[in-house]
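Open the model in a viewer and keep the sequence panel visible. The stops below say what to select and what is found there.

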There are 2 protein chains.
Amino acid sequence: MASLDDADVAQPDVVMSSEQDWTSAFPPLRQLPEEIFAQLREASLIVELPEGSRIFGPGQAPDSFLLLLDGTIRVQQTSEAGREIVLYRVQAGESCALTTACLMGYEEYQAEGIAETRIRAVAIPRALFDRLIASSREFRQFVFTAFSRRVTNLFRIIEEVAFERIDVRLAQKLLELAGAKQQIVATHQDLANELGSAREVISRQLNEFARRGWLRMARGIVEITDRPALVQLAQHD
Amino acid sequence: MASLDDADVAQPDVVMSSEQDWTSAFPPLRQLPEEIFAQLREASLIVELPEGSRIFGPGQAPDSFLLLLDGTIRVQQTSEAGREIVLYRVQAGESCALTTACLMGYEEYQAEGIAETRIRAVAIPRALFDRLIASSREFRQFVFTAFSRRVTNLFRIIEEVAFERIDVRLAQKLLELAGAKQQIVATHQDLANELGSAREVISRQLNEFARRGWLRMARGIVEITDRPALVQLAQHD
DNA sequence: CGTCTCTTGGTGACTTAGTTACATACGCGC
DNA sequence: GCGCGTATGTAACTAAGTCACCAAGAGACG
């Protein structure tokens, strides 16, 4: 799909000057001691990657801690049979905390991260990351909070995949992807990949939703027409 | 079940002297500077809890970092409908890293931890934990490594729940629970709870396994009789 | 010892989800 | 307007989970 898909694009790691004041995007970091702050500005780089870049993946550990300035990173897992499930998304203002923990722990990262849009991020080298963790309570707080959120989210996913009905999960996902908009640009296959389900299953559910007048479909597009109904279903009855 | 179940027992937090040399159980910590080490011995407590204790759970955040000296902690999640799934176990020599991250991040912990056996653990108060993280690269390494392992494991669980067949997962779980032994002391319901499945489903699969001569069953007991066959199935064909 | 009760496991009918193997339809480039 | 790749539809089937109930085992207790 256009907005969720990963094109196969090379990664020309566009590296920009590290001069800009990107720190406004990360309030928690503003409280760092000036000395450390200086290090941060100096040793970290601002990188840009095109849409579709694979930022990390199995056997491809990232070498730095990323703070996302712009864009979205989709973190997903792919089974041997080629089925996918989306674990979470990193938005502007957030960090790739789990990635980093795995990096610090020297463990192979099992999930992969794809740039869903063109992204801009601050890359903090491993050594500096370690120094920051050591020297700043605020930075620790920032990192652990991010961890915490992700892990909590993983727990929720496990619960949903294990126990929640697919129609409920689909309704939730549609609302999540739509946000305030009415239209979702995604194929049935894309939606199946979001939920770790199969395309046929999603097609059937979507048709059922459409039959009930909750949405309209066009090629690659789902348009919500009865949000309250979806919300009601999503709220798990 | 006897070995996996959680009895409803009170928690008389038996606190012991902190004098003993428990550090031999945690090689990574032996490299700490002597000064920090002294703090650790002084400020941390050795606690004992009976089998079945609920160590943490939703709305019940732990207030310290736990290093397990003896016993096993089962971390699981329960759905609204009462169905359960086991996420991982903390063994002697390991730490409750995820719990701690969530604790540091001030987020409500969604899973619950149950003492599967009588346990003995070192409880490191939050403040000291923070100081240790700040002052010791070795301690950071230790914590992040544990974290990494858990997260990787969560990813595997998501993949298995979403994409793996139940017979394959059951075979894996039986082998895991059996270890080197032949007998597993667990009811079908217990096994279902391990996998986040339903009792009837597990019963059917076990009966099929028994029919094939791979195991024998008695009330509350599964005895493996053809390990190679189970291994073969577990290896995902 | 016999009966009562609670736990554990068995069974069949049914629903939901996922699989397989196609057919069809849309829309873009030419 | 024609082809072609991608997207969606469909039907028959298997796997997994649900529901409702029954029966066997294991203590408990008189």
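**Around the DNA**

Begin with DNA strand C: 17 residues surround this strand, and the closest are R165(A), I166(A), S197(A), T187(B) and H188(B). A residue is near a molecule or strand here if its C-beta atom, placed from the backbone, lies within 6 Å of it. Now colour the elements that give two or more residues to this surface: α5 and α7 (199–211) of chain A, together with α6 (188–195) and α7 (199–211) of chain B. Helices are DSSP runs of H or I with at least four residues, strands are runs of E with at least two, and both are numbered from the N terminus. With three residues, α7(B) gives the most to the surface near DNA strand C. The residues of that surface divide into four nonpolar, seven polar and six charged. In this classification Ala, Val, Leu, Ile, Met, Phe, Trp, Tyr, Cys and Pro count as nonpolar, Asp, Glu, Lys and Arg as charged, and the others, Gly among them, as polar.

A note before moving on: this is a predicted model, in which local features need pLDDT of at least 70, side-chain atom pairs count only at pLDDT 80 or more, and totals for chains, interfaces and linings use all residues. Residues are numbered from 1 along each chain as its sequence is written, while chains are lettered from A and ligands numbered from 1 in the order in which they are written.

Next select DNA strand D, which 16 residues surround; the closest are T187(A), H188(A), R165(B), I166(B) and A198(B). At least two residues each come from α6 and α7 of chain A and from α5 (166–178) and α7 of chain B. Here α7(A) gives the most, with three residues. By class, the surface near DNA strand D has three nonpolar, seven polar and six charged residues.

**Where the chains meet**

Hide the DNA and show both chains. In chain B, 36 residues are in contact with 36 residues of chain A, contact meaning that the C-beta atoms of two residues, placed from the backbone, lie within 7 Å. On the side of chain B that touches chain A, α2 (97–104), α3 (126–135) and α4 (137–163) of chain B each supply at least two residues. The largest share, 18 residues, comes from α4(B). By class, this side of chain B has 20 nonpolar, eight polar and eight charged residues.

How do the two copies relate? A turn of 180° and a shift of 0.0 Å along the axis lay chain B on chain A with an RMSD of 0.1 Å, which is the relation of a two-fold axis. The superposition is by least squares on the C-alpha atoms of residues with pLDDT of at least 70 in both copies. To find the axis, select A134(B): of the residues of chain B, its C-alpha comes closest to the rotation axis, at 2.0 Å. The copies meet through the same surface, because 100% of the interface residues of chain B are also interface residues in chain A.

**Helix pairs**

Select α2 (residues 97–104) and α4 (residues 137–163) of chain A, whose axes come within 8 Å and cross at roughly 105°. Axes are lines fitted to C-alpha atoms, for helices over the stretch in contact, and angles run from 0 to 180 degrees between N-to-C directions. The crossing makes α2(A) roughly perpendicular to α4(A), a label for angles of 65 to 115 degrees; under 35 counts as roughly parallel, over 145 as roughly antiparallel and the rest as oblique. A97(A), L98(A) and A101(A) of α2(A) make the contact with V143(A), A146(A), F147(A) and R150(A) of α4(A). By class, this contact has six nonpolar, no polar and one charged residues.

Move to α5 (residues 166–178) and α6 (residues 188–195) of chain A, which pack at an angle of about 110° with their axes 10 Å apart. R169(A), L170(A) and K173(A) in α5(A) meet L191(A), E194(A) and L195(A) in α6(A).

Finish in chain B, where α5(B) and α7(B) pack at about 75°, their axes 10 Å apart. Select I166(B), D167(B) and L170(B) in α5(B), which meet V201(B), I202(B) and Q205(B) in α7(B).
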